[in-house]
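Let's take a walk through this model and see how its pieces fit together. Keep the viewer open as you read.

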Amino acid sequence: MPDELMTIRQMCDAFDVTPRTLRFYEARDLIFPERRGQHRLYDRRDRARLTLILRGKRFGFSLEQLRQLLALYEPGANRAQIAATIPVAQQRLADMERQYAELEGAITELKAQIAEAMAQLDTMTKTTG
């Protein structure tokens, strides 16, 4: 299927996205399906771009960051895109690690609050029961 064109339904099934998602990425100039009448047909380049978009989205990259990085792609000589991706990815990783630390602290605090509430409830039950 490397050079085969895919319909919007095939793309949705292959990537577990909705037609609305594909049209949204098309409207944002992230993918460029071939148009034949009312039909959109997606080639290997669109599939590769969608793979990168979905991966970037999972990592929390903005659509603008993804658009800029995808615009740097040059077949056979992808040095510029890779070089530009590294600092963006490093910044995103730093942000994620900070959020993780904050979330870890909140989880610890919430567990302590739950344990304290359970102990209070247990004490109340023993004194009244």
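Start with Leu 110, which you'll find in helix 5, the run covering residues 79–128. This is a predicted model, by the way, so every value below is computed from its coordinates. Is Leu 110 buried or exposed? With a relative accessible area of 52%, Leu 110 is exposed. Leu 110 also has company: together with Ile 114 and Met 118 it makes a nonpolar surface patch of about 310 Å².

Stay on helix 5 and go back to Arg 92, which lies in that helix too. Arg 92 is a curious case, as it is buried yet has no salt bridge. Which side chain of opposite charge is nearest to Arg 92? That would be Asp 95, at 4.2 Å. The cut-off for a salt bridge is a nitrogen-to-oxygen distance within 4 Å, so the pair is not counted as one. As for what surrounds Arg 92, setting aside residues up to four places away in sequence, it touches Phe 59, Gly 60, Phe 61 and Gln 99.

Further along helix 5 there is a charged pair that does make the cut. Lys 126 forms a salt bridge with Asp 122, and their closest N and O atoms are 3.2 Å apart. Both residues lie in helix 5, four residues apart, which is about one turn of the helix. Lys 126 is exposed, at 63% relative accessibility, while Asp 122, at 39%, counts as partly exposed.

Helix 4 (residues 63–71) has a pair of its own. Here Arg 67 and Glu 64 form a salt bridge, with the closest N and O atoms 2.5 Å apart. Why are the two separated by about one helical turn? Because they are three residues apart in helix 4. Both count as partly exposed: Arg 67 has a relative accessibility of 32%, and Glu 64 has 38%.

Between helix 4 and helix 5 comes a loop, and that is where Tyr 73 sits. Tyr 73 is partly exposed, at 37% relative accessibility. Leaving out its neighbours within four places in sequence, Tyr 73 is in contact with Asn 78 and Gln 81. If you'd like a link back to an earlier part of the chain, look at Arg 49: Tyr 73 and Arg 49 are 24 residues apart in sequence, and their C-alpha atoms are 9.8 Å apart in space.

Now for the sheet. Three strands form an open sheet in the order 1-3-2, with antiparallel pairing. Which strands are at the edges? Strand 1 and strand 2 are, since each pairs on one side only. Strand 1 (residues 6–7) is joined to strand 3 (residues 39–42) by two bridges, and the two strands run antiparallel. You can trace them residue by residue: Met 6 has Tyr 42 of strand 3 as its bridge partner, and Thr 7 has Leu 41.

Strand 2 (residues 34–36) pairs with strand 3 over three bridges, again in the antiparallel sense. Glu 34 stands opposite Leu 41 in strand 3, the residue that is also the bridge partner of Thr 7. The hairpin made by strand 2 and strand 3 has two residues between the strands, and in it Gly 37 takes a positive phi near 65 degrees.

Finally, go back to the charges, this time around the sheet. Side chains of opposite charge can pair when their charged atoms come close. The structure holds seven salt bridges. One of them brings together the side chains of Glu 26 and Arg 40, at 2.5 Å from N to O. This pair links distant parts of the chain: Glu 26 is in helix 2 (residues 19–27) and Arg 40 in strand 3, 14 residues apart. Are the two partners buried or exposed? Glu 26 is buried, with a relative accessible area of 17%, and Arg 40, at 18% relative accessibility, counts as buried as well.

Note on methods: Residues numbered from 1 in each chain as written. Predicted model: local features only at pLDDT ≥ 70, side-chain atom pairs only at ≥ 80, totals over all residues. Heavy atoms only, no water. Patch = residues over 30% accessible without salt bridge, like charges linked within 9 Å, V, L, I, M, F, W, Y side chains within 5 Å. Areas by Shrake-Rupley, 256 points an atom, 1.4 Å probe, with all protein chains shown as cover. Buried < 20%, exposed > 50% of the residue type's maximum accessible area, 1.4 Å probe, protein only. Lys, Arg positive; Asp, Glu negative; His and termini not counted. Contact = heavy atoms within 4.5 Å. Pairing = 2+ DSSP bridges.
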